[in-house]
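Here is a set of short exercises to work through with the model open beside you. Try each task before you read its solution.

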Amino acid sequence: MLEILKELCALDGVSGEEDAVREYIINKIKGHCEYRVDPLGSIIAFKKGKNRSVKKVMLDAHTDEVGLIITSVTEDGFLKFAAVGGIDTAVLMFRRVRIGNINGVIGGKPIHLMSGDEKKKLPKPDSLYIDIGASSKDEALELVRIGDRAVICGEYTEMGNKIKAKAIDDRAGCAILISLLTSDSDYDFYATFSVQEEVGLRGAKAAAFTVEPESAIVLEATTAADIADVPDGQRVCVLGDGPAVSFMDRAAVYDRNYYNAALSSGIKCQPKAAVAGGNNSGEIHLSRGGVRTLAISVPCRYIHSPSCVACKEDIENAAKLAKYMLNGICSGSIE
């Protein structure tokens, strides 16, 4: 599964342009399940298990990642851009980016040209630009187009029992779903690899409407703040303590029975100790007549950056917990 994650993180899939990720997933799951691609580009899969489920259960992971979109080109050949998803300006400065097969770097005013006040603040996003080496607008437009996505580059690196890569949010969830679909299953279930989560949970809304699940498990990555100078009460979740199970965030209030069942499963996991953020659960749990929903998230430091850090064991335990909850809901042993 971790090798699949490495390959997924290497792919570019900014919201609205998830084609490479979708193609990779299809190549992995075909022959193991039924699947189709909906009009927005999400994959909707059905896995036939050994037994029929007492409930229609859907597992979801999103295929897109945060990035940039080109909005204009200056006369000097520099590219102006807007963020696609939530990206802190501090992540952007002087980072290497890729627009298709074109390389570039995010530039701004160098520090030795800044005033005293400017040096104390982060630059405004609209003061930044992408330098692709073009010397004029016409030259730049021969290489890129308005509306092209740019990915902030980040290589996959192993650091002991941890990994560093871009797009662990949410290629970790995709890797877990691929693993479940390509293994024997005790029960029938649906899986959705949804698009456009980072810009408003859009793909999951459409996919859930199509599937009509009674219960859902959302596989995600979430912010871990177990870093220097952060008080224990503000750490949200901790790398190495297992996947984080949410009780509430800004998009959903989670099913209490599912939450309690996950924490008492015997599989190493932890509560997500904050009411913050949101994920596809926000749309899924409101679909049609309502869907009982659980979120299982891989703790991730420096999320929405090209250097996300996660623990290998947390990812493996997230997969175990997802399978445990799936079997429990499908069998009726978790009510």
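Helices here are DSSP runs of H or I with at least four residues, strands are runs of E with at least two, and both are numbered from the N terminus. Please keep in mind that the model is predicted.

**Exercise 1. A helix and what follows**

Task: Compare the span of helix α10 with the expected value, decide how enclosed the helix is, and describe the residue after it.

Solution:
- Step 1. Helix α10 covers residues 312-331, which is 20 residues.
- Step 2. From first C-alpha to last, α10 reaches 29 Å, close to the 28 Å expected at 1.5 Å a residue.
- Step 3. Buried means under 20% relative accessible area. Of the 20 residues of α10, 14 are buried, so the helix is largely enclosed by the rest of the structure.
- Step 4. G332 follows α10, and its phi is positive, near 90°.

**Exercise 2. A covered helix with a cis bond**

Task: Check the span and burial of helix α6, then look for the cis peptide bond and say where its second residue sits.

Solution:
- Step 1. Helix α6 runs over residues 168-181 and has 14 residues. Its end-to-end C-alpha reach is 19 Å, close to the expected 20 Å.
- Step 2. Buried residues make up 13 of the 14, which leaves α6 mostly covered.
- Step 3. Going from D169 to D170, the peptide bond is cis, with omega near 5°.
- Step 4. D170 belongs to helix α6.

**Exercise 3. The inward side of α2**

Task: List the buried residues of helix α2, name the elements they pack against, and describe G31.

Solution:
- Step 1. In helix α2 (residues 19-29), V21, R22, Y24, I25, I26 and I29 are buried.
- Step 2. A reminder helps when reading that list: an α-helix has 3.6 residues a turn, so residues three or four places apart point the same way.
- Step 3. The packing partners of these buried residues are α1 (2-10), β1 (34-37), β2 (43-47), α6 and β12.
- Step 4. Just after α2 comes G31, with a positive phi of about 90°.

**Exercise 4. The nonpolar cores**

Task: Which residues have the most contacts inside the largest nonpolar core, and what does L59 touch?

Solution:
- Step 1. The largest nonpolar core has 57 residues. L8, I25, I29, L59, I168, F193 and M325 are those with the most contacts inside this core.
- Step 2. Setting aside neighbours within four places in sequence, L59 contacts L177, L180, F189, Y190, A191, T192, I217, L219, A322 and L326.
- Step 3. There is also a second, separate core of 22 residues, and I70, L92, M93 and L128 are among them.

**Exercise 5. Two residues, two degrees of burial**

Task: Are Y190 and T89 buried, partly exposed or exposed?

Solution:
- Step 1. Use the cut-offs: under 20% is buried, over 50% is exposed, and in between is partly exposed.
- Step 2. Y190, in strand β12 (residues 189-194), has a relative accessible area of 23% and therefore counts as partly exposed. Beyond residues up to four places away in sequence, Y190 touches A45, F46, K56, V57, M58, L59 and V211.
- Step 3. T89 lies in helix α3 (residues 89-92). Its relative accessible area is 11%, so T89 is buried. With residues up to four places away left out, T89 touches P123, P125 and L128.

**Exercise 6. Positive phi without glycine**

Task: Where do F94 and Y302 sit, and what is the sign of phi at each?

Solution:
- Step 1. F94 is in the loop between α3 and β6 (96-99). Its phi is positive, about 60°, although F94 is not a glycine.
- Step 2. Y302 is in the loop between β16 (292-300) and β17 (308-311). Here too the residue is not a glycine, and phi is positive at about 60°.
- Step 3. Y302 has 43% relative accessibility, so this residue counts as partly exposed.

**Exercise 7. Empty space**

Task: Describe the largest pocket and the largest cavity by volume and lining.

Solution:
- Step 1. The largest pocket holds about 320 Å³ of space. Its lining has 20 residues, with T222, T223, K272, G277 and G278 nearest the centre.
- Step 2. Strand β13 (residues 215-223) gives the most to this lining, 4 residues. By class, the pocket lining has 5 nonpolar, 9 polar and 6 charged residues.
- Step 3. The largest cavity holds about 100 Å³. E65, V66, I152, K166, A167, D169, H304, S305, P306 and C308 line this cavity.
- Step 4. The cavity lining divides into 5 nonpolar, 2 polar and 3 charged residues.

Definitions and conventions
Residues are numbered from 1 along each chain as its sequence is written. This is a predicted model: local features need pLDDT of at least 70, side-chain atom pairs count only at pLDDT 80 or more; totals for chains, interfaces and linings use all residues. Side-chain values use heavy atoms; hydrogens and water are left out. On a 1 Å grid over the protein atoms alone, a cavity is a set of points where a 1.4 Å probe fits but cannot get out, and a pocket is an open set with protein on both sides within 12 Å along at least five of seven lines; lining residues have an atom within 4 Å of a point. Grid points are joined across faces, edges and corners, and a volume is the space filled by probe spheres set on the points. Ala, Val, Leu, Ile, Met, Phe, Trp, Tyr, Cys and Pro count as nonpolar, Asp, Glu, Lys and Arg as charged, and the others, Gly among them, as polar. The expected span of a helix is 1.5 Å times one less than its number of residues. Buried means under 20% relative accessible area, exposed over 50%, partly exposed in between (1.4 Å probe, protein chains only). A nonpolar core is a set of buried Ala, Val, Leu, Ile, Met, Phe, Trp, Tyr and Cys residues joined through side-chain atoms within 4.5 Å. Contact means heavy atoms within 4.5 Å.
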